[in-house]
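Open the model in your viewer and keep the selection tool at hand. This tour goes from one stop to the next.

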Amino acid sequence: MKEIKIVIVDDSPFSVGMISNILTENGFSVVGSANSLQEAETVVTEQNPDVVTMDMTMPGGDGIDATRAIHKINPNIKVIIVSSMMDDEIVRKAKRANVSGYLQKPVDGEELALAINRIMADEQLFVELETIYYTVFKEAFNDTCNKFFKSVPTYKDEKTSNDERNSDGFSVVLGISGKYGGRMLLDMSAETAESIGGFLFGQNELSKEQVVNAISEVANIIAGNACSLINKTNMLFGFRVAPPTVVYGESIMISKSELDSVSSVVAETKFGEVYMNIGFSRSEGHE
């Protein structure tokens, strides 16, 4: 595991010294400390740590305010609250502010070290996912097209942005649950959807229900195969695919998703263009 850089935010010099000693003894690199919200913003900007330990009370704002300020600087920094105060309301506020952990003073050294290592292991696992998921979903798309249609699409407009998009008329969305939450979206014109459905059913005239069934099954196979391949690389992912949701019609807007990593591409198939968008969030996905 790489060296983990930590900043300590606490208005008590005693607590800063104590926590610093604990972290250093456990092999972490303490790169700075702060006694107020303003100092926290300055040292985090300068040092860009992996983790911040955060007291709840300090000049200029509380630990929740400071956490939000830190995440504006870098949303990937992990914040662990280390405070004498712990009640249900504070914990709820901390979770809403995307705090990664909550420990009560006097903090146990082994407990703090374990919490940090677990949080950073989770982050490295998400980085592992980021490096593979787009390629795996493209491979699953290729394999499905090859087996069903005896042809492999070409690709264009590959992006890692997460923008709103006007639907081409026919969209299918599948939620992904597991270690991280995610989704896969396929979007195409109604004509493309009908052509794919007609090929699979072996007839020209299809009901809307038949088209929906055909595209839903194709999308389910792509997402299911991709998630199975990702799970084989690391069983900790534990991904499962939820039943698809299909939306069709004119003037449909595909909204920007609240995901931490998103990739998209346009596949040129023998039936027309299919837009594929895949993304995952660092938060856990629940079925």
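**Stop 1: the largest pocket**

Begin with the largest pocket, which holds about 1,000 Å³ of space. Select Lys78, Asn98, Val99, Ser100 and Arg282: of the 30 lining residues, these are the closest to the pocket's centre. Now show the elements around them. Helix 3 (63-73), strand 4 (78-83), helix 4 (88-96), strand 5 (101-104) and helix 5 (109-149) each give two or more residues to this lining. Which element gives the most to the lining of the largest pocket? Helix 5 does, with five residues. Colour the lining by class, and you get 13 nonpolar, seven polar and 10 charged residues.

A word on confidence before moving on. The model is predicted. The protein chain has an average pLDDT of 91, and 98% of its residues score at least 70. Select helix 7 (residues 208-233) for the highest mean pLDDT among the elements, 97. Then select strand 12 (residues 253-254) for the lowest, 81.

**Stop 2: two helices**

Stay with helix 3 and add helix 2 (residues 37-47). Their axes lie 10 Å apart, and the two helices pack at an angle of about 25°. Helix 2 is therefore roughly parallel to helix 3. The crossing of helix 2 past helix 3 is right-handed.

**Stop 3: the second largest pocket**

Next comes a pocket of about 180 Å³, the second largest. Select its lining: Lys156, Asp157, Lys159, Ser161, Asp163, Glu164, Arg165, Ser264, Val266, Glu273 and Tyr275. Strand 6 (154-159), strand 13 (261-269) and strand 14 (272-280) each give two or more of the lining residues. Strand 6 gives the most, with three. By class, seven lining residues are charged, two are polar and two are nonpolar.

**Stop 4: the cavities**

How many cavities of 30 Å³ or more does the structure hold? There are two. The largest has a volume of about 90 Å³. Select Phe141, Phe149, Ile196, Val218 and Val274, which of its 13 lining residues are the closest to the centre. Helix 5, strand 9 (182-189) and helix 7 each supply at least two lining residues. Helix 7 gives the most, with four. This lining has 12 nonpolar residues, one polar and no charged.

Finish at the second largest cavity, with a volume of about 40 Å³. Select Asn162, Asp163, Arg165, Arg183, Ile254, Ser255, Tyr275 and Asn277, which line this cavity. Two of the lining residues are nonpolar, three polar and three charged. Asp163, Arg165 and Tyr275 also appear in the lining of the second largest pocket.

Methods. Residues numbered from 1 in each chain as written. Predicted model: local features only at pLDDT ≥ 70, side-chain atom pairs only at ≥ 80, totals over all residues. Heavy atoms only, no water. pLDDT = per-residue confidence, 0-100. 1 Å grid on protein atoms, 1.4 Å probe; cavity = no way out; pocket = protein on both sides within 12 Å on 5 of 7 lines; lining within 4 Å. Points joined across faces, edges and corners; volume = space filled by probe spheres on them. Nonpolar A, V, L, I, M, F, W, Y, C, P; charged D, E, K, R; others polar. Axes fitted to C-alpha atoms, helices over the stretch in contact; angles between N-to-C directions. Parallel < 35°, antiparallel > 145°, perpendicular 65-115°, else oblique. Left-handed = near helix turned anticlockwise from the far one by under 90°.
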